[in-house]
Amino acid sequence: MTRSPQARAVILAAGLSTRTGAQKLLMSFRGRPLIEYAIAAARRWRPVLVAGAEVARVLRDRDDITLVVNPEPQRGMAHSLALADAAISPSDALVVLLGDKPLVTEALIAELCAALAEADVAYPVHARSGAPGHPVLFAARTRRRIATLPDGDTLHVLREDPSLVRHALRSEDEGAFFDVDTRAELAP
């Protein structure tokens, strides 16, 4: 059996929350701040959390995350990922979570990490629709391509690169596909 590579979690939490009108990651979802779910799921992988100024102010004294501030959140997820990439040993794989996906579990992350042993990229796909989900894992050997991503929400470019060995894990796990985009989705 192939051993799973060492991985570090990256939580992207620098979004501007324009559809909610306020920083959604600090709003309550099922009784606690939305961002707390990603932190809890990723704890085993020593998360590096990339945040904008407002989220960073709230999380700055935490000892269960490595906090990286993104001073230019308007540049998108790819820029946040590049900041995290620079803060993590190049020999580690990256488990990339989005801060607004509260139903991702430690078990889902572990299952994807196991799949990464044989691939450059691993991610869940919905068993019926084939839609891709999160988290997305990038092997250490794939990370050099992060710096080539254009600004914006362009992580899919790397995930879908046909030159990479990809493992699409068929899943019906709601956590891989549910995210919070509006205030209505924050309601219990």
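Before you start: helices and strands here are DSSP runs, numbered from the N terminus. Keep in mind that you're working with a predicted model.

**Exercise 1. Work out where R143 sits and whether it is buried or exposed.**

Step 1: Find its place in the chain. R143 belongs to the loop that links strand 8 (136-138) to helix 5 (155-159).

Step 2: Check its surface. Buried means under 20% relative accessible area. R143 has 4%, so it counts as buried.

Step 3: See what surrounds it. Skipping residues up to four places away in sequence, R143 touches D85, I88, S89, P90, S91, D92 and L94. One of these, D85, is itself a buried residue of helix 3 (residues 77-86).

**Exercise 2. Do the same for K101, then find which backbone oxygen lies 3.2 Å from a polar atom of its side chain.**

Step 1: K101 is in the loop between strand 6 (93-98) and helix 4 (106-116).

Step 2: Use the cut-off again: buried means under 20%. K101 comes out at 5%, so this lysine is buried too.

Step 3: List its contacts. Beyond its neighbours within four places in sequence, K101 meets H134, G175, A176, F177, F178 and D179.

Step 4: Pick out the polar pair. The backbone oxygen belongs to F178, and it is 3.2 Å from a polar atom of the K101 side chain.

Step 5: Try a distance as well. K101 and G152 are 51 residues apart along the chain, and their C-alpha atoms are 19 Å apart.

**Exercise 3. Describe the overall build of the chain.**

Step 1: Count the elements. You should get five helices and nine strands.

Step 2: Write them in sequence order. The pattern reads β-β-β-α-β-α-β-α-β-α-β-β-α-β.

Step 3: Ask how compact that is. The radius of gyration is 15 Å, close to the 16 Å that the globule rule gives for 188 residues, so the chain is as compact as a globular protein of that length.

Step 4: Add the dimensions. The C-alpha trace spans about 45 × 35 × 30 Å along its principal axes.

Step 5: Look at burial and contacts. Of the 188 residues, 52% count as buried. Take contacts between residues at least 6 apart in sequence: 68% of them join residues at least 24 apart.

**Exercise 4. Give the strand order of the seven-stranded sheet, and explain why strand 5 and strand 9 each have a side without a neighbour.**

Step 1: Walk across the sheet. This open sheet runs 5-4-1-6-8-7-9, and its pairing is mixed.

Step 2: Look at the ends. Strand 5 (66-69) and strand 9 (166-171) are at the edges with a single partner strand each, so one side of each has no neighbour in the sheet.

Step 3: Note the twist, which averages 25° from one strand to the next.

**Exercise 5. Which strands pair with strand 7, and in what sense?**

Step 1: Start with strand 8. Strand 7 (residues 121-126) pairs with it in the antiparallel sense over two bridges. V121 has F138 as its bridge partner, and A122 is opposite L137.

Step 2: Move to strand 9. Here the pairing with strand 7 is parallel, over six bridges. Y123, for instance, faces A168.

Step 3: Check the two faces of strand 7. V121, Y123 and V125 are buried on one side, while A122, P124 and H126 are buried on the other. That's six of six residues.

**Exercise 6. Find what packs around helix 3, then look at the nonpolar cores.**

Step 1: Trace helix 3. It lies across strand 1, strand 4, strand 5, strand 6 and strand 8, at about 140° to strand 1.

Step 2: Name its buried residues: A78, H79, S80, L81, A84 and D85. Their cover includes strand 1 (7-13), strand 4 (48-51), strand 6, strand 8 and helix 5.

Step 3: Go to the largest nonpolar core. It has 39 residues, and I11, I35, L49, V95, L97 and I109 touch the most other members.

Step 4: See who contributes. Strand 1, helix 1 (35-42), strand 4, helix 2 (53-59), strand 6 and helix 4 each supply at least two residues of this core.

Step 5: Spot the other core, apart from that one. It has 22 residues, including V68, L81, I88 and V96. You've met L81 already, as a buried residue of helix 3.

Technical notes. Residues numbered from 1 in each chain as written. Predicted model: local features only at pLDDT ≥ 70, side-chain atom pairs only at ≥ 80, totals over all residues. Heavy atoms only, no water. Helix = DSSP H or I, 4+ residues; strand = E, 2+ residues; numbered from the N terminus. Buried < 20%, exposed > 50% of the residue type's maximum accessible area, 1.4 Å probe, protein only. Contact = heavy atoms within 4.5 Å. Polar contact = N/O pair within 3.5 Å; in protein donor to acceptor, adjacent residues only side chain to side chain. Pairing = 2+ DSSP bridges. Axes fitted to C-alpha atoms, helices over the stretch in contact; angles between N-to-C directions. Core = buried A, V, L, I, M, F, W, Y, C linked by side-chain atoms within 4.5 Å. Rg over C-alpha atoms; globule rule 2.2 N^0.38 Å.
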